[in-house]
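Let's take a walk through a protein structure together. Keep the picture beside you and follow along as we go.

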Amino acid sequence: MENLVKFVQDEFVTKKEVPQFQSGDTITVYYEIKEGEKTRTQFFKGTVIQRRGSGASETFTIRKMSGTVGVERIFPINLPAIQKIEVNKQGRVRRARIFYFRELTGKKARIQERRR
């Protein structure tokens, strides 16, 4: 059964070209929002906490601080509303899922930048 699902995802779901990024990176996601008849582009800039799944069902979670409140958003990789993804900084972390990042504040919440 899972082979059939994988076959359908590989054949019929269109895959977008996205840049390479992983957890710890700071990225900006530009996506379309429809408000009635109008559409506008909004961006969400934050740190990638995790990437999960594979293939067409892959998602990634971004966290940003809005004032003193942390805001997280989950985006599917193949979301048609996503216009583009920009990688702003590449961070150096030791884990694939950095959920401990939620409890950190101030200078402790900084992620060291990876050398290129």
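Helices (at least four residues) and strands (at least two) are DSSP runs, numbered from the N terminus. With that naming in hand, Arg115 is easy to place: look in the segment after β5. Remember as you look that this is a predicted model. Is Arg115 buried or exposed? Exposed means over 50% relative accessible area, and Arg115 has 79%, so it counts as exposed. Although Arg115 and Gln90 are 25 residues apart in sequence, their C-alpha atoms are 8.1 Å apart in space.

Now for the sheet. Five strands make up an open sheet in the order β4-β3-β2-β1-β5, and the pairing is antiparallel. Which strands stand at the edges? Those are β4 (69–76) and β5, and each has a single partner strand, so one side of each is left without a neighbour in the sheet. The strands don't lie parallel like planks, either: neighbours in this sheet are turned by 40 degrees against each other on average, direction ignored.

Let's cross the sheet pair by pair, starting from the β4 edge. Eight bridges hold the antiparallel pair β3 and β4, and one of the matches puts Thr59 with its bridge partner Pro76 in β4. These two strands form a hairpin with two residues between them, and Gly67 in the turn has a positive phi of about 75 degrees. Next come β2 and β3, antiparallel again, with five bridges; here Thr47 stands opposite Arg63 in β3.

Move on one strand and you reach β1 and β2, which run antiparallel and are joined by 10 bridges. Ile33 sits opposite Arg40 in β2. This pair is also a hairpin with two residues between the strands, and Gly36 in it takes a positive phi near 70 degrees. At the other edge, six bridges join β1 to β5, antiparallel once more, and Tyr30 stands opposite Lys84 in β5.

Here's a handy rule to keep in mind while looking at any sheet. In a regular strand the side chains alternate between the two faces of the sheet.

So what fills the inside? The largest nonpolar core has 12 residues, among them Phe21, Ile27, Val29, Tyr31, Phe44 and Ile85. The elements that give two or more residues to this core are β1 (26–35), β2 (38–52), β3 (59–66) and β5 (82–89). Which one gives the most? That would be β1, with three residues. Try zooming in on Tyr31, one of the core residues. Leaving aside its neighbours within four places in sequence, Tyr31 is in contact with a whole list of residues, including Arg40, Phe44, Arg73, Phe75 and Ile82.

There is open space to look at too. The largest pocket holds about 330 Å³. It is lined by 17 residues, and the closest to its centre are Thr47, Met65, Phe101, Ala109 and Arg110. You've already met Thr47, across from Arg63. The largest share of the pocket's lining comes from β3, which gives three residues.

One last stop: Leu79, in the loop between β4 and β5. Its relative accessible area is 26%, so Leu79 is partly exposed. Leu79 and Lys34 are 45 residues apart along the chain, and 14 Å separates their C-alpha atoms.

Definitions and conventions: Residues numbered from 1 in each chain as written. Predicted model: local features only at pLDDT ≥ 70, side-chain atom pairs only at ≥ 80, totals over all residues. Heavy atoms only, no water. Core = buried A, V, L, I, M, F, W, Y, C linked by side-chain atoms within 4.5 Å. Buried < 20%, exposed > 50% of the residue type's maximum accessible area, 1.4 Å probe, protein only. Contact = heavy atoms within 4.5 Å. Pairing = 2+ DSSP bridges. Axes fitted to C-alpha atoms, helices over the stretch in contact; angles between N-to-C directions. 1 Å grid on protein atoms, 1.4 Å probe; cavity = no way out; pocket = protein on both sides within 12 Å on 5 of 7 lines; lining within 4 Å. Points joined across faces, edges and corners; volume = space filled by probe spheres on them.
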